[in-house]
Amino acid sequence: MIAGYWKRIRLLQKLIIMVILFLIIPVLLIGYYLFSTSLSLAQKEGREMLEEVVYQLNENIEYRIVGYQNILMQLSLDSGITTTLTQSYSSLEEEVMGLQQLNAAVNRVRSYFPMKSIQFYKTNPTLHEDGGTVLNLQRAEKEAWYSPMLDNDQSFYWYFNWKDDYSEPTLYISKWLVDYLSNEKYGFIHAEVSNRALFDQISNPLALKKGGFIVLDNKGRVLANFVNKQDGDGNARPDYLAKVYESSKGWYWATVNGSKSLVVFETNRLDWKVVTIVSQQEIWQKLQLVKKAAVTVSILFVVLTVGVLTGFGIRTTNRLNSLIRSMRRVRSGDLGLTIKVHSKDELADLEEEFNAMSLRLEQSLGEIAEARSRVEIEKLNLLQAQINPHFLYNTLALVKSMAMDVGSSEISSTVDALAKFFRLALNRGTDILPFSDEMDHVKAYLEIHKSRYPGRITVQFDVDEETYSCSIIKITLQPIVENALLHAFVHTGGRGCLTIAASMRQDRLCITIADNGSGMSEEQLHRLLENAQGDRVGGGFGVYNVNERLKRYYGPNSQMLIQSKPGEGTIVQLVIPQNQMSNQAIS
């Protein structure tokens, strides 16, 4: 609303409003605002900064957690490992080979992802333990972490083994091995990960602010401590962090090492607490800068307002000069040149009129140039139509002669079909040809397809004799047949039956092309008819293009109907009027 009003008012009114807005009001309000809100602003910025740091740290830690989980998932889905752990062994040699393959896979993983150990606990009685990597499931039942793992219903189970002195913990991650066909467990993967592997690569982003962060597990034990001065001994949780277990995320003020500090925390997927800590003194350092900036900004606003008023007059002059220079450029041949319309004042009216004139002049000259270009392209196409077919036919005749020389009747017949295919497609430059020629064109295409894929496609023809004398646009049936061959029989290895039928019904040529392929859903059928690219394979016309050409030549009297359901094949029906062609469409 305000922007719209500003564009409608005149230059003198703008000048008066700018004096009020940029000189009087800012000087009175800015100083008051800066001093009254500086404290809360500094605290808010500090909290938002720590929340972003907590988020980034949490993302970094979760990335590493997910990395280890993905490694275990990759191992559980490895077909070689699955086979080694589940197949029945009848000889020691088979067991040794299976264990060697499994150890090779484990060594590859450990070479690029640090793990202390990876073990497979299995239920297969025919596979013996190797003492290190492959162990019987009964051994796990004696471990302290096995019972909680059975009760845990998650995809991955993390367990911590703390030493008596609460020094660095050892982390374990386990995943059940499941046969997804029978949904039975045949063991699990158990990996040992050092605490340093998770946290040593993480740097302290708050070091410059004399702060740090702490990572706690769900029982309050410290997994990583990057605070400059620790409050407490070993890995026991400091007392000032008790509040982080009251909610999943948040912030509060606490006394850390004798200094009031801001504590911001967040919980990750393993119920770990990522806590960042920065002292209040570090956050309020910006207040001194804000106080100094308040005075500077007040002076700057006065200077800026005077500069704005001066610049307003200069800007108006520059707009007029720019308009004059643009007119001279258009006169020199720079057509279509436009300038920015800044508002709705008097100068804007001139700018809009200049833009409209320049664009219209460019459009008119462009239309003339495009018409000339189309004439030249048509001449070139006619020349290519005269040269290319002649060269192509001579080349195909030469290939046929060479095939006959070596006694290859299959190559000779394929070349004959290809020559007929191109001869009917080019058809001396005309778009309308007898239906008999169109059928010959399709048969030539099918003959080539059969040569390429012998014995896969069965084609049945049911064409009334009276239809051969009808007229049709060339290359109408071939794209539809090609679409069926490419897509209908994908799930049958290219094998299927194709039926082509034609008959006359009340001066209309009715053509049906049916297949017993996989069919299409309604969404696929809609996309086939609406996609302007069609099935453009090998440079051919798509089904969409065939439909558009029928409409263009015959108007609304022609029809293309497609019936298809998944698993029931597809039927394409064409209805082409024969009593008279639409002169308007042809022209």
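Below, a colleague asks a modeller how the labels on this predicted model were reached.

Colleague: What should I know before we start?

Modeller: This is a predicted model, where local features need pLDDT of at least 70, side-chain atom pairs count only at pLDDT 80 or more, and totals for chains, interfaces and linings use all residues. Residues are numbered from 1 along each chain as its sequence is written, and side-chain values use heavy atoms, with hydrogens and water left out.

Colleague: How many helices and strands are there in the protein?

Modeller: The protein has 16 helices and 17 strands. Both are DSSP runs numbered from the N terminus: helices are H or I with at least four residues, strands are E with at least two.

Colleague: What share of the residues count as buried?

Modeller: Of the 587 residues, 40% do. Buried means under 20% relative accessible area, exposed means over 50%, and partly exposed is in between, using a 1.4 Å probe and protein chains only.

Colleague: Why is Leu-29 called exposed?

Modeller: Leu-29 has a relative accessible area of 51%, so it counts as exposed. The residue sits in helix 2. Its C-alpha is 9.4 Å from that of Ser-298, although the two are 269 residues apart in sequence.

Colleague: And why is Met-504 called partly exposed?

Modeller: Its relative accessibility is 23%, between the two cut-offs, so partly exposed is the label. Met-504 lies in strand 14 (residues 496–504). Its C-alpha is 7.9 Å from that of Asp-464, which is 40 residues away along the chain.

Colleague: What does Met-504 touch, not counting residues up to four places away in sequence?

Modeller: Met-504 touches Asp-464, Glu-466, Thr-467, Cys-470, Leu-509 and Gln-578. Contact here means heavy atoms within 4.5 Å.

Colleague: Why does Gln-573 get the partly exposed label?

Modeller: Gln-573 has a relative accessible area of 28%, so it falls between the cut-offs as well. You'll find Gln-573 in strand 17 (residues 570–577). Leaving aside neighbours within four places in sequence, its contacts include Ile-511, Thr-512 and Gln-559. The C-alpha atoms of Gln-573 and Cys-510 are 7.1 Å apart, with their positions 63 residues apart along the chain.

Colleague: What makes Asn-257 worth a look?

Modeller: Asn-257 has a positive phi of about 55° although it is not a glycine. Most residues other than glycine have a negative phi. Asn-257 is in the loop between strand 8 (249–256) and strand 9 (259–267). With 40% relative accessibility, it counts as partly exposed.

Colleague: Where is Asp-271, and what is its phi?

Modeller: Asp-271 is in the loop between strand 9 and strand 10 (273–279). Its phi is near 65°, a positive value in a residue other than glycine. Its relative accessible area is 39%, so Asp-271 is partly exposed.

Colleague: Why is helix 12 called roughly parallel to helix 13?

Modeller: Helix 12 (residues 435–452) and helix 13 (residues 477–487) pack at an angle of about 25°, with axes 9 Å apart. That makes the pair roughly parallel, because angles under 35 degrees count as roughly parallel, over 145 as roughly antiparallel, 65 to 115 as roughly perpendicular and the rest as oblique. Axes are lines fitted to C-alpha atoms over the stretch in contact, and angles run from 0 to 180 degrees between N-to-C directions.

Colleague: Which residues of helix 12 and helix 13 meet?

Modeller: Among them are Phe-435, Met-439 and Tyr-445 in helix 12, and Leu-477, Val-481 and Leu-485 in helix 13. By class, the contact has eight nonpolar, three polar and two charged residues. Ala, Val, Leu, Ile, Met, Phe, Trp, Tyr, Cys and Pro count as nonpolar, Asp, Glu, Lys and Arg as charged, and the others, Gly among them, as polar.

Colleague: What makes a set of residues a nonpolar core?

Modeller: They are buried Ala, Val, Leu, Ile, Met, Phe, Trp, Tyr and Cys residues joined through side-chain atoms within 4.5 Å. The largest such core has 49 residues, and those with the most contacts inside it are Ile-118, Phe-120, Phe-199 and Trp-272. Helix 2 (residues 11–77) gives this core its largest share, ten residues. A second, separate core has 38 residues, including Val-459 and Met-520.
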